Amino acid sequence: MGSGPARTGACTAPARSVDVAIVGAGYAGLAAGLTLARAGRSVAAFDAMHPGEGASSRNGGITSGSIRPSHAAITRTFDEATAYAIEAESKTAREFLYDFIRSEEIDCDFRLTGLFKGALGFGQYDTMARGAEALAKRLGIETYAVPHGEQEQYIGSGFYRGGVVRKDIGGLHPGKFHAGLLQLALAAGVAVHGHTPVTAIRREGATFRVQTPSGTVEARQVLVCTNGYTDGVAPYLRRRLVPVRSRIIVTEELSAEVMDRLMPQRMMMGEGRQLGYYYRPTPDGKRILLGGRESGHGGDATVPTQRLRRGLAELFPELEGVHLSHSWYGNVAMNRDMLPRIFEKDGIVYASGFCGSGVVWAPWVGTRAAHRLLGNGEEGRSALFSRPPAAVPLYRGNPWFMPAIIRGYALQDRFAWWRSKR
Ligand SMILES: Cc1cc2nc3c(=O)[nH]c(=O)nc-3n(C[C@H](O)[C@H](O)[C@H](O)COP(=O)(O)OP(=O)(O)OC[C@H]3O[C@@H](n4cnc5c(N)ncnc54)[C@H](O)[C@@H]3O)c2cc1C
């Protein structure tokens, strides 16, 4: 079962046959490929763009591993035991990532800084404080409430009414992490074909024929890890996964004195709004990076960049006129129940649906999916291996309804803001 020569991520003709073909070479696809190749499987991983050019090199690098729905909501969709298992798995997945970075010596500026999440009003603060206490009890995570009066130890902003701190969340350099993963995958023998879109996957008896413009490869197994970039090659997944744009802006270099004042502990930052911002010091600690959801799908960066700039100035009024050095966007992927998934359909395995928290989830889910393909019962176990997410009604790949949904969220945020100030 030789793996053939390692490829460097360029567009090259694939081998005639492999054990496993992977579509998508972001964190999920590469983590899966690494596990499979180390277990002796021959693996070809294809990416339509440069490997990592999807979300995996352009994210905020915050190791949140969030589960968006509440415990009660997951219980309603599945059952109580699954709700607990999924929550517990978010802790295991985060620890897996930290251990992986350490043991593989991946140079990606990872620091376990902690995360401060700001409350919009005192009512939200009370809810968040209760949530933190419950989380500490249920999962043993070090988390605590920060009353309004102590907030300035964490953030140089009067915007919030207190918040909570999670000590188990930190930040990494997303591009370096992807580059490290790519190096490991190549060294393990994964043939990574960049700029090579998979254009069709056809089942022929016990194998699949995976078609690309530079050749067709026969594969015993196929794993699809295309998340927010899923295209027509995976129509079943595409009907279940809505791509949502997330944009990031980065300030010019700020003085150490300003950074000390605005982000005294250099923590990762988040907030409780539906369209909340995530922000952090850049890995070198010299700039502030801030991101948020974007409703449009056009190419003009001006309007969304200005919206983020206003958000930044709302949080930190002294940054009102700051120069921005960067603005970019990428796609995250949301499914209807907002839970990451591993599922199988017609013999193809899918690993996706990270809902904007794939720095933790994608390597974990990719690795679990690989163990599943290897038939490793125990290591392939995951509460996220489940029935496919429900299809989104009237959706075939053009998320025409997103602007309306984003406007609805913005309205909810404005209402929550108004109530918090009464
Ligand atoms: C701006 C932004 C900020 C974010 N911030 C954070 C954060 O702070 N913390 C966090 O946890 N998460 C964050 N995320 C989410 C996180 O980056 C993703 O969840 C994660 O990278 C998903 O990894 P992936 O491997 O599943 O998909 P991706 O990295 O998106 O890779 C999917 C790949 O599939 C390829 N593909 C699609 N179709 C085909 C085809 N037919 N043939 C071949 N290849 C194909 C694409 O080219 C793409 O490269 C952010 C995302 C964005 C966009």
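## Reading a two-domain model with a ligand

In strand E16, Val349 is the bridge partner of Leu223.

Biologist: I'd like to learn how to read this structure. To begin, which strand does E9 join to through three bridges, and do the two run parallel or antiparallel?

Modeller: A word of caution before we start: this is a predicted model. The partner is strand E16 (residues 348-352), and the two run parallel. The pair Leu223 and Val349 belongs to this match.

Biologist: What other strands pair with E9, and in which sense?

Modeller: Take them in turn. Strand E1 (residues 17-23) pairs with E9 (residues 215-224) in the parallel sense, over six bridges. Within that pairing, Ala21 stands opposite Val222. Strand E8 (residues 207-212) is joined to E9 by five bridges, and those two run antiparallel. Here Val210 faces Val217.

Biologist: How many residues does the hairpin between E8 and E9 pass through?

Modeller: Two residues make the link in that hairpin.

Biologist: Let me step back to the whole chain. How many helices and strands are there?

Modeller: The protein chain has 10 helices and 16 strands. Its radius of gyration is 21 Å, close to the 22 Å that the globule rule gives for 422 residues, so the chain is as compact as a globular protein of that length. Along the principal axes, the C-alpha trace spans about 65 × 45 × 45 Å. As for burial, 46% of the 422 residues count as buried.

Biologist: What share of the contacts links residues 24 or more positions apart?

Modeller: Counting contacts with a separation of 6 or more, 74% are between residues 24 or more positions apart.

Biologist: Now the domains. How is the chain divided?

Modeller: Domain 1 is 1-111 + 171-241 + 336-391, and domain 2 is 112-170 + 243-335 + 402-421. Their C-alpha centres lie 28 Å apart. The contact between them takes 32 residues from domain 1 and 25 residues from domain 2. On the domain 1 side, helix H3 (residues 80-103) gives the largest share, four residues. That side has 10 nonpolar, 12 polar and 10 charged residues.

Biologist: And why does the ligand lie between the domains?

Modeller: Look at who contributes to its shell. Both domain 1 and domain 2 give residues to the shell around the ligand, so the ligand lies between them. Of the 46 residues around the ligand, the nearest are Gly26, Gly54, Gly60, Gly330 and Gly358. Helix H1 (27-38), strand E10 (242-251), strand E14 (324-334) and helix H9 (358-374) each supply at least two residues of the shell. By class, the shell divides into 21 nonpolar, 21 polar and four charged residues.

Biologist: You mentioned E10. Is that strand mostly covered or uncovered, and which strands does E10 pair with?

Modeller: E10 is mostly covered, with eight of its 10 residues buried. It is joined to E14 by 10 bridges, and the two run antiparallel; Thr251 stands opposite Leu324 there. E10 also pairs with strand E13 (residues 288-294) in the antiparallel sense, over six bridges, and in that match Val250 stands opposite Leu289.

Biologist: One last residue: does Arg414 count as buried or exposed?

Modeller: Arg414 is found in helix H10 (residues 402-421). Burial is read by counting neighbours: Arg414 has 11 C-beta neighbours inside 10 Å, so it counts as exposed. Arg414 and Asp79 are 335 residues apart in sequence, and their C-alpha atoms are 33 Å apart in space.

Note on methods:
Residues are numbered from 1 along each chain as its sequence is written. This is a predicted model: local features need pLDDT of at least 70, side-chain atom pairs count only at pLDDT 80 or more; totals for chains, interfaces and linings use all residues. A residue is near a molecule or strand if its C-beta atom, placed from the backbone, lies within 6 Å of it. Ala, Val, Leu, Ile, Met, Phe, Trp, Tyr, Cys and Pro count as nonpolar, Asp, Glu, Lys and Arg as charged, and the others, Gly among them, as polar. Domain bounds come from an automatic or database domain assignment. The radius of gyration is taken over C-alpha atoms; the globule rule is 2.2 Å times the number of residues to the power 0.38. A residue is buried if 20 or more other C-beta atoms lie within 10 Å of its own, exposed if 12 or fewer, and partly exposed in between; C-beta atoms are placed from the backbone. Two residues are in contact if their C-beta atoms, placed from the backbone, lie within 7 Å. Two strands pair if DSSP finds at least two bridges between them.
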